[in-house]
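Biologist: Before we begin, could you put the sequence and the model up, so that we can set each term against its definition?

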Amino acid sequence: MANILELSNVTKTFRGGVVAVDDISLDISEGEFLTMLGPSGCGKTTTLRMIGGFEYPDSGSILLDGQDVTDNPPYRRPVNMMFQDFALFPHMSSAENIGYGLKIAGVSRGEIEERVKRMLDLIELPDMGARLPSQLSIGQRQRIALARALINNPRVLLLDEPMSALDAKLKETMQIELRHIHDRIGITFIMVTHDQTESMIMSDRIIVMHAGRIEQIGSATELYDHPKSAYVAEFLGTSNMIPATVSKDGSSLMARAGDLSIAVDDDGSGIVEGSVRSLFIRPEKIRLLGDGGVAYDGASVFTGKVKELFFSGNAVRIDLDVGADRPLMVHHQLDTGLEQAGLPMVGESATCSVRPETVRLFDIAEVAAVEAEGVGA
Amino acid sequence: MAVTSMNGVGLRKRPLDMGTTGLGVAAMCVLAFLYLPIITLIIFSFNSSSITRLPLESFTLDWYVKALSNNDLMTAVWNSVLVGSAAVVICLAIGIPTALALDRYDFPGKTVFRRLVILPITLPGLITGVSMLTFFRSVDIQLTIWTVIIGHGTALTAIVVTNVFARLQRFDRRIEEASADLGATPLMTFWYVTLPNIRAAIIGSAMISFTLSFDELPVTFFLTGRDNTLPMYIWSVIRRGITPEINAIGTIIVVVSILLILISVLLMHSDNQKAGPVKP
């Protein structure tokens with residue numbers, strides 16, 4: 001697919017010398033759903049606003065369909081935005097809000113009416129055209145904002161934290177519905193969010209941003225299962241990061257910490273034998289080997305003592321004392337009631353296994369820096 | 001919720017205590033203090049006696065006929081309307097852009113500029129009048145009704161600036177961004193989005209400016225040529241004693257003012273309903 005949008009070496013510094021976006025380059029292909037993910041202040045919103053034309057980069061360029069739009073104002077680029085908290089015009093009805101872009105473009109009144117009606121059908125609010133924004137629920141306002149941003153058939157739709165105003169239940173519904181609308185109309189979506197679950201559910205590709213830079217780009221599975229940095233590993237999902245000493249065992253690496261002795265796939269990054277690294281294990285990748293449980297072939301098996309149990313309805317979190325610097329977190333999905341699950345009690349020992357391709361080693365200083373920043377905490 | 005009070009819950013009657021009664025009496029006194037003079041004016045405008053004094057004699061509309069056929073008086077009224085309207089136009093033409101500049105742009109000396117723009121409203125009319133008179137004299141400008149208009153415009157611009165500025169401060173700038181995003185040029189955005197949302201502040205401050213201009217005396221006194229405004233006329237006539245004619249014209253003005261206030265309240269109310277907080 002052709003690139004619809006190209007950002008090259010885009011940098012933006014705000015007054016006071018804060019570098020919001022630091023030399024970002026990015027290609028976005030037509031029709032994709034791309035999400036910029038990161039904590040507040042990582043530069044994701046500034047990047048989105050530069051694509052929309054609300055901020056201008058200090059250097060670098062933005063090409064839309066091969067045309068340089070870097071310095072074009074918002075009203076001279078075929079890109080529309082769905083704003084955080086929606087920014088609906090309070091003095092206009094829903095229909096007037098939706099039809100605003102067409103009115104500005106000089107479209108005839110009859111055609112506006114027609115197209116607004118179709119939009120109202122698309123967002124499943126056919127009878128809400130006459131209402132003022134203040135008379136609508138939050139979910140309805142969000143749909144109106146979406147319709148208003150789509151009616152001009154933008155080349156790219158920008159979504160700035162579209163779900164932040166919604167409560168948890170509505171959020172889940174709308175995430176899937178927005179994804180469906182994207183698939184149906186085929187317009188390129190670029191979304192900004194700080195919610196990692198949302199980004200993984202909705203997008204084709206995710207950009208994890210950190211301090212104005214791109215940390216990693218990839219699909220949800222690439223980022224979650226193969227994070228390139230400790231930052232990405234900590235930001236998406238939860239993880240154990242346990243200091244461990246590395247040794248070579250034939251072709252594979254062994255990481256040892258307390259009673260743990262875990263095989264790790266060597267990614268060829270030249271890890272020195274005897275060095276101390278952070279052992280990264282996702283809590284749900286650890287399998288409890290209860291009565292008759294069998295480890296995968298090649299998986300490392302270890303035993304720990306149950307320190308604490310946390311029941312959260314569909315799963316249990318078990319903190320295991322494995323003699324390392326910190327306890328090892330295990331997530332166990334429950335396919336039975338808690339009593340039937342046959343889980344070890346506090347103080348009892350538990351045997352577990354973990355597969356070598358699901359664990360990684362990160363630089364210990366890098367992990368310390370990420371943890372000091374409070375990412376994922 | 002409204003439903004509970006409809007069912008009568010919460011409407012339970014409480015016996016009147018001393019405090020409540022006292023409060024009611026106090027409120028009546030305040031209202032009397034505020035409105036008794038105006039009511040007196042209205043009553044005497046229908047009284048057939050040519051002296052404003054009790055007891056009342058018979059009912060008459062003569063004073064209205066006289067007032068409306070008094071050429072000097074009517075000229076003064078129209079002059080006041082002209083001065084007020086023109087001053088309002090000046091106030092809006094200067095005040096709205098000033099408020100926008102103060103709200104949106106950073107420029108050197110902004111704080112000083114804001115204070116200076118607001119200052120004339122705190123200056124006594126006497127000072128404004130004398131200083132403008134000196135100025136007009138020094139640049140050799142004849143005193144006419146236009147110098148009065150400029151004087152009023154100067155003194156009252158601050159009202160528009162403060163009101164519109166206050167509204168702009170509460171204004172959600174992202175709806176302007178949304179408008180630009182949907183293809184509107186800055187001018188279109190101002191017309192379709194900004195203006196409708198600050199309309200109430202503009203109408204309100206225009207009405208206040210008009211009212212203040214309409215009964216302004218000191219600045220007018222110094223700056224007028226041969227033309228009289230209504231307050232000037234009343235002032236000159238009253239020295240020979242209050243005539244019921246003045247009461248009649250006063251009553252007409254009170255009625256017109258109330259009408260204007262009602263209209264503006266209605267306009268602002270519909271505005272506020274629409275501009276009601278669209279909060280998530």
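Modeller: Helix H5 of chain B covers residues 110-122, 13 residues in all, and reaches 19 Å from its first C-alpha to its last. This is a predicted model, in which local features need pLDDT of at least 70 and side-chain atom pairs count only at pLDDT 80 or more, while totals for chains, interfaces and linings use all residues. Residues are numbered from 1 along each chain as its sequence is written, and chains are lettered from A and ligands numbered from 1 in the order in which they are written.

Biologist: What makes the reach of H5(B) close to the expected one?

Modeller: The expected span is 1.5 Å times one less than the number of residues; for H5(B) that gives 18 Å, and its reach of 19 Å is close to this. The name itself rests on DSSP runs numbered from the N terminus, where a helix is H or I with at least four residues and a strand is E with at least two.

Biologist: Why is H5(B) called hardly covered, whereas strand E9 of chain A is called mostly covered?

Modeller: A residue is buried if 20 or more other C-beta atoms, placed from the backbone, lie within 10 Å of its own, exposed if 12 or fewer do, and partly exposed in between. By that count 1 of the 13 residues of H5(B) is buried, whereas in E9(A), residues 205-210, 5 of 6 are buried.

Biologist: How do you know that E9(A) pairs with strand E3 and with strand E10 of chain A?

Modeller: Two strands pair if DSSP finds at least two bridges between them. E3(A), residues 33-37, is joined to E9(A) by 4 bridges and runs parallel to it, with Leu37(A) having Val208(A) as its bridge partner. E10(A), residues 213-218, pairs with E9(A) over 5 bridges in the antiparallel sense, and His210(A) stands opposite Arg213(A). Between the two strands of this hairpin are 2 residues, and Ala211(A) takes a positive phi near 50 degrees.

Biologist: What makes strands E15 and E18 of chain A edge strands?

Modeller: Each of them pairs on one side only, in an open antiparallel sheet of 5 strands ordered E15-E19-E16-E17-E18. Within that sheet, E16(A) and E19(A) run antiparallel and are joined by 6 bridges, with Val301(A) opposite Ser353(A).
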